[in-house]
Amino acid sequence: MSNAGHDSDDMPILALGPEPSSEQLLEGYRNILLIRRFEETALYQSTQAAVHGTLHLYIGQEACAAGVCVHLNERDYVASHHRGHGHSLAKGARADRMMAELFGRVDGYCRGKGGSMHIADFSRGMLGANGIVAAGIGLAAGAALSHKQAGTDGVAVAFFGDGASTRGPFHEVANIAALWKLPLVLVCENNGYAQWVPHEQNLAVKDVYRMACAYGMPSRAVDGNDFVEVCRAAGAAVERARRGEGPSLIECKTYRIYGHSLGDMNVYRTKEDIDAWRAPDKDPLLRLESLLESNGLLDAERRDAMHAEIKQMMEEAVEFAKSSPYPEADALYEDVTEVTPVRRPAADFDAENAHE
Amino acid sequence: MSEISYRDAIRKALIDHLSVDHDAVILGEDLIPQGGSFGVHKGLDEMFPGRLLETPIAEGAIVSIALGYAMTGKTAVAEIMFGDFLTCCMDEIVNQAAKIRYMSGGQADTPLVVRAPVGLAKNIGAQHSQTFEAWFAHVPGLVVALPSTPADAGGLLATALVSRDPVLFLENKMLYPAKGEMADADYAVPFGSARVARDGDDLSVIALGRMVPIALEAAEVLADEGFSLEIVDPRTVAPLDFETIFTSVEKTSRALVVEEATAFCSVGSEIAATISECRFMSLDGPVRRLSSPHVPKPFTPPLETLAIPGRDDIVALARRMLAGQA
Ligand SMILES: Cc1ncc(C[n+]2csc(CCOP(=O)(O)OP(=O)(O)O)c2C)c(N)n1
Ligand SMILES: [Mg+2]
């Protein structure tokens, strides 16, 4: 591992990659739509008390996951955070197994033991959502190291929020990733808030991407609601990583439409603020849709067919989740460790009440 | 069988594993060329080029990068310079490593070994002297090893290196120079299997880590007085081999638990409570605990020696227990 030997006075800007192909545009549109519908369905099922616990909805930010993951293959890794549904879906996770997980059912990705904040699909390189802000960044760096040591051209992507950029793990890992030239792409989705606090109150600098400068890492800010721009920046970052040139950071300026989690009354912002980001010139789904229409890639017929397909997929996902059983009591003790786990032995006189 | 030091037994287990598992890597501070703060990796970089990854001072990143590597199915070893600095990577160990398998519904293996030297040395003060096995044993999902001999250090590490679970491997820094016999090959020691370090009939001493050799010295002293102590070394505190402990207590009817940690909420306290709960009818008297006083480790030699149980403390308490006075 050699020192990157950078001059930190430079502000290396990540160049934009090529314009997305027609296939990438259509795949991006389909993924944005899929994420949108998945979350709307999950939110509705939550109001029906079928989905348990809270949800951190990603609606409004979908172009970030879609624009980055369009460049990834099954060998590449993604690590996410509490707002992770979009990253899982864009990485190819199945909507039905994700829905079953939100329902706490045995056919969920984590057999019902993870929930929204821990959905993972290791078979597709999705290393998991994460309940600890900034924790996924190091995990992605470790997965990137795995590719580097093996000499493959695989990469890893860490998705995290603006709030994560104020924690130590981001800085420790950014330094090492740059030092070791890990094939890592850091994607900060700056959605304006860390929980309820606007980023101006959390960050000493206006832009997260400037922090990469301190580590000599190429970076840039993009309009996170524009699939095309995210896709072009991510294309450049992923290609750099595949070529062994090291990590990059992309700051996607975006906006979270729903509350931080369920039950957030949005007292820190107005309805007008939110509506402005729902407008056709902001909404990532509507923006990509009008682009596809204007360049002739999506006519009404194709559009309707895609919407119908995803609607049906969601109905099937809910059916799948509903028909999957809750785990049996035995599952409580399964998958703690592979070795015989710590078990407190039963007291002589108290066998029935053993803490087995 | 060859005579080997505790340090070299650890080094041998690492070398033997790196030789057969070409994906395994080691991350840590000051690894090259010094071999890490206690010299365990000396020469390994030349033997295994590119496999030792010299890291900046960033304990959280060391463990999370090692864990991310492990989550791709390949073994990663992280050395934390002093056990005290494990506090700088608690999230990575407790919230991440320990829970990945469970939270993912068993999708992922986490072949991660976090090695750290623990325990009181000489005059290094309160932030370089602690032993935190209780913190980690408390968390479901972790294996916690506490070897007290060269054979157990090499043997448990060999098992840790092929384990698919995260292992906290806590080496006692005062034991690095200790010598003992270890097999040259096939020396792995399973987790959750206590060792009876000395057979005896009158009193079971369950000792942890560095307290094992000290308890053996105490047993020598008491043997001269005609008492026979049985010394049990659990070797891993998670999982913990209660069966071997119970068998010993059933034979001797008396139990003394000795540990270097402070007793309040400790592994020793857990062992004492479990013996009392499960083998009360076998006991002739209360289970006793001997541990470090509940203070940070002081620097100055006269206070420092008071801050850890010694041979004479064990002898004195054992004598009273054997006389039915404690
Ligand atoms: C270490 C840690 N601190 C605090 C929290 C509580 N928390 C969860 S999400 C969140 C806000 C994170 O903000 P950001 O990183 O910008 O992500 P966003 O929610 O905006 O997507 C907070 C404070 C946590 N989960 N982990
Ligand atoms: Mg945010």
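Here are some friendly notes on a predicted model, taking the metal site and ligand in chain A before some helices and strands in chain B.

1. **The magnesium ion.** Let us begin with ligand 2, a magnesium ion held by protein donors from A:Asp162, A:Asn191 and A:Tyr193. Each kind of donor atom is worth finding on your screen: A:Asp162 gives an OD atom, A:Asn191 gives OD1, and A:Tyr193 gives its O atom. These donors lie 2.1 Å from the ion.

2. **Where those donors sit in the chain.** Along the sequence, the spacing of the donor residues reads D-x28-N-x1-Y. The pair A:Asp162 and A:Tyr193 links distant parts of the chain, 31 residues apart. A:Asp162 is in the loop between β2 (156-161) and α6 (168-180) of chain A, while A:Tyr193 belongs to strand β4 (residues 193-194) of that chain. Are A:Asp162 and A:Tyr193 buried or exposed? Both of them are buried, which you can check by turning on the surface.

3. **The surroundings of ligand 1.** There are 16 residues around ligand 1. Which of them come nearest? They are A:His82, A:Arg83, A:Asp162, A:Gly163 and A:Asn191. Two of these names should look familiar, since A:Asp162 and A:Asn191 are also donors to the magnesium ion.

4. **Backbone contacts to ligand 1.** Look next at the backbone N or O atoms that approach this ligand. One from A:Gly163 lies 2.7 Å from an oxygen atom of ligand 1, and one from A:Ala164 lies 3.1 Å from an oxygen atom of it. For A:Gly131, the partner is a nitrogen atom of ligand 1, at 2.8 Å. Taken alone, ligand 1 exposes 580 Å², and the protein buries 74% of that.

5. **Helix α3 of chain B.** Now move to chain B, where helix α3 covers residues 59-70. How far apart should its ends be? At 1.5 Å a residue, the 12 residues should span 16 Å, and the end C-alpha atoms are indeed 16 Å apart, so expectation and model agree. The helix is also largely enclosed by the rest of the structure, because 12 of its 12 residues are buried. Among them are B:Glu59, B:Ile62, B:Leu67 and B:Tyr69.

6. **Strand β5 of chain B.** Strand β5 (residues 112-118) of chain B is mostly covered, with 7 of its 7 residues buried. Both faces are covered: B:Leu112, B:Val114, B:Ala116 and B:Val118 lie on one side, and B:Val113, B:Arg115 and B:Pro117 on the other. This strand pairs in the parallel sense with β4 (residues 76-79) of chain B over 4 bridges, and B:Ala78 has B:Val114 as its bridge partner. Another 6 bridges join β5(B) to strand β7 (residues 167-172) of chain B, and these two run parallel. There, B:Ala116 has B:Leu170 as its bridge partner.

7. **Strand β11 of chain B.** Why is strand β11 (residues 229-233) of chain B described as largely enclosed? The reason is that 5 of its 5 residues are buried. B:Leu229, B:Ile231 and B:Asp233 point one way, whereas B:Glu230 and B:Val232 point the other way.

8. **The neighbours of β11.** Strand β9 (residues 195-198) of chain B is joined to β11(B) by 3 bridges, and the two run antiparallel. In this pairing, B:Arg195 stands opposite B:Asp233. Strand β10 (residues 203-207) of chain B pairs with β11(B) in the parallel sense over 4 bridges, with B:Ser204 standing opposite B:Glu230.

Technical notes:
Residues numbered from 1 in each chain as written. Chains lettered and ligands numbered in written order. Predicted model: local features only at pLDDT ≥ 70, side-chain atom pairs only at ≥ 80, totals over all residues. Heavy atoms only, no water. Donors = N, O, S within 2.8 Å, 3.2 Å for Na, K, Ca; no water. Buried < 20%, exposed > 50% of the residue type's maximum accessible area, 1.4 Å probe, protein only. Pairing = 2+ DSSP bridges. Expected span 1.5 Å × (residues − 1). Near = heavy atom within 4 Å. Polar contact = N/O pair within 3.5 Å; in protein donor to acceptor, adjacent residues only side chain to side chain. Areas by Shrake-Rupley, 256 points an atom, 1.4 Å probe, with all protein chains shown as cover.
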